[in-house]
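Thanks for making time this morning. I would like to walk you through one structure, going from individual residues to the core and then to a pair of helices, so please have the view open as I talk.

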Amino acid sequence: MSSAASMSKYLTQVKVTMAPFAPASKSSKIFLSRIITNDALAANPALKIVTTSHADLNKAPVINVTYKDGKTLELLAGEMKVNDVLRQVGKHARKLQEKEDASA
């Protein structure tokens, strides 16, 4: 899965909860910027993106992803780099893409 745009095709919902000014939220903010692009939204216009912010700088940012097959993934993104977040989210999306390619 080379890009967030191709990955977004296999997602139904992304929820991000974070304190936007906390240093630990950096990966969450960058992840959102990769998911909310014209290419990603064109690949999946039905993708629902929900962001919730709070003021607690000590609370770890959380990313919840729901895939088209119903599987959910929860990431505590505070200590993760954005490439790690993308890798974790893309892992199941790749499996769904392989399944789709095999059935086509």
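Let me begin with a term: a residue is called buried when its relative accessible area is under 20%, exposed when that value is over 50%, and partly exposed in between. Please also keep in mind throughout that what you see is a predicted model.

With that in hand, take Lys29, which has its place in helix H2. Its relative accessible area is 36%, and therefore Lys29 is partly exposed. If we set aside residues up to four places away in sequence, Lys29 touches Met18 and Pro20. You may also want to find Val82, since Lys29 and Val82 are 53 residues apart in sequence and yet 8.9 Å apart in space, taken from C-alpha to C-alpha.

Asp69 belongs to the loop between S3 and S4, and because its relative accessibility is 43%, Asp69 counts as partly exposed. Not counting residues up to four places away in sequence, Asp69 touches His92 and Leu96, and its C-alpha is 8.9 Å from that of Thr12, although 57 residues separate Asp69 and Thr12 in sequence.

Moving on into strand S4, we come to Glu74. Is Glu74 buried or exposed? Its relative accessibility is 55%, so Glu74 counts as exposed. Glu74 touches Val62, Ile63 and Asn64, again not counting residues up to four places away in sequence, while Ala60, 14 residues from Glu74 in sequence, is 12 Å from Glu74 in space, C-alpha to C-alpha.

For the opposite case, please look at Ser8, which lies in helix H1. Ser8 has a relative accessibility of 0%, and so it counts as buried. Beyond its neighbours within four places in sequence, Ser8 is in contact with Ala40, Ala43, Asn44 and Leu47.

That brings me to the interior. In soluble globular proteins, nonpolar side chains tend to be buried together. In this model, the largest nonpolar core has 24 residues, and those with the most contacts inside it are Leu11, Phe31, Ile63, Tyr67, Val85 and Val89. At least two residues of this core are supplied by each of helix H1 (4-8), strand S1 (11-18), helix H2 (26-35), strand S3 (62-67), strand S4 (72-76) and helix H4 (82-103). Which of these elements gives the largest share? It is H4, from which six residues of the core come.

Phe31 is a good residue to centre the view on, because I can then turn to the helices. Leaving aside neighbours within four places in sequence, Phe31 is in contact with Val14, Ile63, Val82, Val85, Leu86 and Val89.

Finally, how do H2 and H4 pack? Their axes are 9 Å apart, and the angle between the two helices is about 55°, so H2 and H4 are oblique to each other. The crossing in which H2 passes H4 is right-handed. On the H2 side, the contact is made by Ser27, Ile30, Phe31 and Arg34, and on the H4 side by Val82, Asn83, Val85, Leu86 and Val89. Sorted by character, the residues of this contact between H2 and H4 are six nonpolar, two polar and one charged.

I will stop there and leave the view up for discussion.

Definitions and conventions
Residues are numbered from 1 along each chain as its sequence is written. This is a predicted model: local features need pLDDT of at least 70, side-chain atom pairs count only at pLDDT 80 or more; totals for chains, interfaces and linings use all residues. Side-chain values use heavy atoms; hydrogens and water are left out. A nonpolar core is a set of buried Ala, Val, Leu, Ile, Met, Phe, Trp, Tyr and Cys residues joined through side-chain atoms within 4.5 Å. Buried means under 20% relative accessible area, exposed over 50%, partly exposed in between (1.4 Å probe, protein chains only). Helices (H or I, at least four residues) and strands (E, at least two) are DSSP runs, numbered from the N terminus. Contact means heavy atoms within 4.5 Å. Axes are lines fitted to C-alpha atoms, for helices over the stretch in contact, and angles run from 0 to 180 degrees between N-to-C directions. Angles under 35 degrees count as roughly parallel, over 145 as roughly antiparallel, 65 to 115 as roughly perpendicular and the rest as oblique. A crossing is left-handed if the near helix is turned anticlockwise from the far one by less than a right angle, and right-handed if clockwise. Ala, Val, Leu, Ile, Met, Phe, Trp, Tyr, Cys and Pro count as nonpolar, Asp, Glu, Lys and Arg as charged, and the others, Gly among them, as polar.
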